[in-house]
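Hello,

Here is the structure I promised to pass on to you. Please open it alongside this message, and then read on for what turned up in it.

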Amino acid sequence: MLKYLTVPVTPFAQNCSIVWCDRTMEAAVIDPGGDLAKIEAAVQRLGLKLGQIWLTHTHIDHAGGTAELAKRHGLPITGPHPGDQFWIDALEEQSRMFGFPPAEAFTPARWLEDGDTVQVGESVLNVRHTPGHTPGHVVFHSPEAKRAFVGDVLFAGSIGRTDFPGGNHAELISSITERLWPMGNDTVFIPGHGPESTFGQERQSNPFVAGT
Ligand SMILES: [Zn+2]
Ligand SMILES: [Zn+2]
């Protein structure tokens, strides 16, 4: 079974998630935006074997610590979708702009496309391409655990910003209604910021997507 722990990192309180297979104790880190010591301490405390980095998108608060964490532990980087290449190229500039520690660009070992899967230990997660907040945004869905790691696509009571370069409001709404809702109303999602919720709850009460 897939287990996870969410560790808020960076001044933006970005929800970095450590996910692992409780049979093999192999782990992946989703969106190591920064505060690497905090992430490493959690991995150690849980007794996990960290083997991979997965990225939903490459804004600084989600990807700022990626190159450094990969280097320290020899981890392959998976994702996001190639539509985010320009955000990777701009990581150094993003870190200056938002007052983050200097962030380095990197090359993913594997880019992701809609319909791909990723695996940690014996747990397989489905990848959906969800553009709108960024062109290359992806989400990771575990049907087994009924959990989805959705980055900045959807939040409890809100949706991702679309006023950055490459953002597109109509595309974001389509990503939510066509690629998240089919995961099921009882699926719990872990957003990039703030508390968890379920898709069913958001379909009822989220002012941006209620009734869709
Ligand atoms: Zn973002
Ligand atoms: Zn974010």
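Below I go through the overall fold, the metal sites, one helix, the cysteines and two single residues.

**Overall fold**

Please keep in mind that this is a predicted model. The protein is built from 7 helices and 13 strands. Its radius of gyration is 16 Å, close to the 17 Å that the globule rule gives for 212 residues, so the protein is as compact as a globular protein of that length. If you want a feel for the dimensions, the C-alpha trace spans about 45 × 40 × 30 Å along its principal axes.

Of the 212 residues, 53% count as buried. The protein exposes about 8,700 Å², and carbon and sulfur atoms supply 52% of that area. Sequence-distant contacts are well represented too: among contacts between residues at least 6 apart in sequence, 60% join residues at least 24 apart.

**The two zinc ions**

The model holds a zinc ion as ligand 1 and another as ligand 2, 3.6 Å apart, with D152 coordinating both.

Let me take ligand 1 to begin with. Its protein donors are H57 (NE2), H59 (ND1), H133 (NE2) and D152 (OD), and they lie 2.2 to 2.3 Å from the zinc ion. Along the sequence, these donor residues are spaced H-x1-H-x73-H-x18-D. H57 is buried, with a relative accessible area of 0%, and H59 also counts as buried, at 7% relative accessibility.

Why is the arrangement around ligand 1 irregular? The 4 donor atoms subtend angles of 89 to 165°, and this spread is what makes the arrangement irregular. A tetrahedral label would need all angles to lie between 85 and 135 degrees. For reference, the ideal angle for four tetrahedral donors is 109.5 degrees.

Now for ligand 2. Which residues supply its protein donors? They are D61 (OD), H62 (NE2), D152 (OD) and H193 (NE2), lying 2.1 to 2.4 Å from the zinc ion. The spacing of these donors along the chain is D-H-x89-D-x40-H. Both D61 and H62 are buried. The site of ligand 2 is irregular as well, with angles of 86 to 154° among its 4 donor atoms.

**A residue touching the ligand 2 donors**

Q14 is worth a look while you have the metal site on screen. This residue is found in strand β2, which covers residues 14-21. Is Q14 buried or exposed? At 0% relative accessibility, Q14 counts as buried. Leaving out residues up to four places away in sequence, Q14 touches V7, P8, V9, D31, G33, D61, H62, G192 and H193. Among them are D61, H62 and H193, which also appear in the donor list of ligand 2.

**Helix α3**

Helix α3 runs over residues 66-73, and T66, A67, L69 and A70 in it are buried. What covers these buried residues? The cover includes β3 (26-30), α1 (36-45), β4 (49-54), α2 (60-63) and β5 (77-78). Just after α3, G74 takes a positive phi of about 60°.

**Cysteines**

If you were wondering about disulfides, a search of the whole structure finds 0 of them. C16 is in no disulfide, and the nearest cysteine sulfur, that of C21, is 19 Å away. Seen from the other side, the closest cysteine sulfur to that of C21 is in C16, and 19 Å is too far for a bond. Both of these cysteines are tucked away from the surface: C16 is buried, with a relative accessible area of 0%, and C21 is buried, with a relative accessible area of 1%.

**A partly exposed strand residue**

Finally, have a look at N126, which is found in strand β7 (residues 123-129). With a relative accessible area of 29%, N126 is partly exposed. Setting aside neighbours within four places in sequence, N126 is in contact with D116, T117, V139, F140, H141 and P143. As for D116, it sits 10 residues from N126 along the chain, and the C-alpha atoms of the two are separated by 6.2 Å.

Happy browsing, and best wishes

Conventions:
Residues numbered from 1 in each chain as written. Chains lettered and ligands numbered in written order. Predicted model: local features only at pLDDT ≥ 70, side-chain atom pairs only at ≥ 80, totals over all residues. Heavy atoms only, no water. Donors = N, O, S within 2.8 Å, 3.2 Å for Na, K, Ca; no water. Tetrahedral: all angles 85-135°; square planar, octahedral: opposite > 155°, others 65-115°. Buried < 20%, exposed > 50% of the residue type's maximum accessible area, 1.4 Å probe, protein only. Helix = DSSP H or I, 4+ residues; strand = E, 2+ residues; numbered from the N terminus. Rg over C-alpha atoms; globule rule 2.2 N^0.38 Å. Contact = heavy atoms within 4.5 Å. Areas by Shrake-Rupley, 256 points an atom, 1.4 Å probe, with all protein chains shown as cover. Disulfide = S-S within 2.5 Å.
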